[in-house]
Each structure stands twice: as structure tokens, then as C-alpha cells.
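Here is a walk through one protein model, from the overall fold down to a handful of residues. Keep the viewer open and click along.

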Amino acid sequence: MENYRLGIVTAIFEIVFSIAIATFVKFLSADISVFVILLFRYLFCMPLLLIIGFMQRGNDLLKVDNRSVLIARTTLGILGLATWFLAIPILGIIKATVLGQLMAIFITFFAPLLLKEKITLGGWLAITFGFLGTLLILRPDLEGWWNYGIIFGILAPFFAGLMNISLRKLGDSDWPITTALWYNFAGAVLFSGICFLGNYQIPLDKVTLLILIIVGLIASLQQFVLAVSRAHAPAVNLAPISYLMVPSSIFVGVLLFKETITTSLVVGSIVIISSAYYTVRKRQ
């Protein structure tokens, strides 16, 4: 029972950390390139992971067996996080977070192709309703509804879903801490190169630098509590908690950034969350 409670508590903290990161991205993106934010996120995420990794694996910290799947996991993870960061300034925290719930639906959609799993009729219906909920949120009847924010907002859960499938395969052969370190190291190198080649300026203001560093540290804590929660509580019990991201994003979006709540957003959110929850329950 104590382990179960630990899983629930850490799952809640994971949501808090995710919303905190989204808030900082929205706040900082007004003056700083998202690529710079991504650089600091990946770079300063690594110290805590290195400490934990050395404690767990010692000199075998970076040893991997399934390199091809690791490359896929790393590439998809970077694309998923980058598109989510790019979506937040354009769509706002609320819409970007709601669209992120499509990840469970994308996992269900691709599982038969990549994991040889079967989808029931209920599963296909859940996928269909999930995308109908997406249309309600995006409201294609409005002029100018299609923009880069929407593209990024849909690509983020798409890549995240594929990344989670690759993580399942990696879980059979490699340590999570090792794959996380390779992922963050690759992200730090990639966005260092992008910032250098694109001449994106690193802010010199000490307060801004401190906030950027905090984003990276929070990201490392987020990954840590995520691992702890999944180790101490079944995913089926954590699924309802993960959907607290939506009301949390609504609270932050309205309070801090004056984002608006529409009827189509509320109805679409309910449809997406219900569909995603159904797919998670059926896969357990």
C-alpha cells in the first residue's frame, strides 16, 4: 500500500513539473527562441540523471544493447518534445496540453503495426472519437484555423506515441537511466548546434539564465518521478491521474496568460480524455 501511495504521489508531482515547464516555455518564448529553451532543458537535465546513473550502473552507465531502437527512441523523443515546445507559444498551454492527450490514441493506432497487437472494435471507435474531439477543439470551420501551432500540436503526441512504443522495446534490453542519458545528451548536442548555426543568442540576463537552468532541473526531476511512479503503481491506476494535466493547464492558462475557454474546447477535451482513458483501460 505504501508503494502504491508513492506511485500516486510521484505521478501527481510529474504533472506539476510538466505544467511548470510548459508555463516557463510560454513565459520565456516571448523573448527567447524555443531552441534556446530546449538547449537549456536538455543540458541541465543531465546532472541529476548522471548521478542516479552512476549509482545504478557504475562504469556500465552508457552501455546499450539495442542501438537501433535507442536511435529511434532518441529521435522520436526529441521531435516530440521540440514540437510540444513549439506548439505552446502559438496554441497556448491549454490547447497544447489537451492535444497531448492524443498520445494514448496514437499508441493504440500504431500498436498493431509495430507491436503486433490487435485493436478491437471498441478501440477503433475510441480512436475515431478521439480525432473527432480534436476537430472540435481546432474548429476547422473557422477561417485561418490551420497554422503551425496546430501542426506542432498534433505532431507532438504523434511522435510521443511512437517514442513510447520504442521505449517498450528498449525495456526488454536496456536500462531506462541509460536510454534517458543518451536521449538528453543527443538533445543537448543537437540544440547546441542549432543555436550556433542559427545564431540564436543566449540571454545574458542573470534572472533569465536562472529560469532557463531551472527548466532543465525541473525536467530531470520530472523524469525521475515519472520512473518512480511507473515502478510503484500500475499504469491503469495512474491513467486517470495523468488527465489532471488538462484542468491544471486550464487553471494556469486562464490565470497567468488570459487564455479563453470555449464550449468547443470543453466538449472536445471531454471527448479526447474519454477516448484516451478508454484505450488505456483496454490495453491493461
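## A starting question

Not counting residues up to four places away in sequence, which residues does Phe129 touch? The answer is Val271 and Ser275. Phe129 itself sits in helix H7, which covers residues 121-138. Is Phe129 buried, partly exposed or exposed? With a relative accessible area of 47%, Phe129 is partly exposed, because the exposed class only begins over 50%.

There is also a long-range pairing to look at here. Phe129 and Gly268 are 139 residues apart in sequence, yet their C-alpha atoms are 9.5 Å apart in space.

## The overall picture

Before going further, keep in mind that this is a predicted model. The protein has 13 helices and 0 strands, so you can read the pattern along the sequence as one α after another. Of the 284 residues, 48% are buried.

The contacts reach far along the chain. Take the contacts between residues at least 6 apart in sequence: 90% of them join residues at least 24 apart. As for the outside, the accessible surface comes to about 14,400 Å², and carbon and sulfur atoms account for 69% of that.

## H4 against H5

Helix H5 is a good place to zoom in. It runs over residues 93-100 and is mostly covered, with 6 of its 8 residues buried. Those buried residues are Ile93, Ile94, Ala96, Thr97, Val98 and Leu99.

One partner of H5 is helix H4, residues 67-91. Two packed helices are described by the angle between their axes and the distance between the axes. For H4 and H5 the angle is about 140 degrees and the axes are 7 Å apart. That makes the pair oblique, because roughly antiparallel would take an angle over 145 degrees. On the H4 side, the contact is made by Trp84, Ala87, Ile88 and Leu91, while H5 brings Ile93, Lys95, Ala96 and Leu99. Sorted by class, that gives 7 nonpolar residues, no polar ones and 1 charged residue.

## The nonpolar core and Trp84

The largest nonpolar core has 71 residues. Which of them touch the most other members? They are Leu38, Tyr42, Trp84 and Phe85.

Trp84 turns up in both stories: it belongs to this core and also to the H4 side of the contact with H5. Leaving aside its neighbours within four places in sequence, Trp84 is in contact with Ser18, Ala22, Ala96 and Ala156. Ala96 is one of the buried residues of H5.

## Two buried residues with polar side chains

Ser220 is found in helix H10, residues 206-232. Its relative accessible area is 2%, so Ser220 counts as buried. Leaving aside neighbours within four places in sequence, Ser220 is in contact with Cys45 and Leu48.

Gln101 is in the loop between H5 and helix H6 (103-114). Is Gln101 buried or exposed? Its relative accessible area is 10%, which means that Gln101 is buried. Not counting residues up to four places away in sequence, Gln101 touches Ser242, Tyr243, Met245, Val246, Ile272 and Ala276.

## Leu43 and its distant partner

Leu43 is in helix H2, residues 34-43. With a relative accessible area of 40%, Leu43 is partly exposed. Its C-alpha atom and that of Leu217 are separated by 9.2 Å, although the two residues are 174 residues apart along the chain.

## Positive phi in two loops

If you check backbone torsions, look at Asn199 and Lys258. Asn199 is not a glycine, but it has a positive phi of about 55 degrees. Where is Asn199 placed? It is in the loop between helix H9 (176-197) and H10. The relative accessible area of Asn199 is 55%, so it counts as exposed.

Lys258 is not a glycine either, and its phi is positive too, at about 55 degrees. Its loop is the one between helix H12 (245-257) and helix H13 (263-283). At 65% relative accessibility, Lys258 is exposed.

Conventions
Residues numbered from 1 in each chain as written. Predicted model: local features only at pLDDT ≥ 70, side-chain atom pairs only at ≥ 80, totals over all residues. Heavy atoms only, no water. Helix = DSSP H or I, 4+ residues; strand = E, 2+ residues; numbered from the N terminus. Buried < 20%, exposed > 50% of the residue type's maximum accessible area, 1.4 Å probe, protein only. Contact = heavy atoms within 4.5 Å. Areas by Shrake-Rupley, 256 points an atom, 1.4 Å probe, with all protein chains shown as cover. Axes fitted to C-alpha atoms, helices over the stretch in contact; angles between N-to-C directions. Parallel < 35°, antiparallel > 145°, perpendicular 65-115°, else oblique. Nonpolar A, V, L, I, M, F, W, Y, C, P; charged D, E, K, R; others polar. Core = buried A, V, L, I, M, F, W, Y, C linked by side-chain atoms within 4.5 Å.
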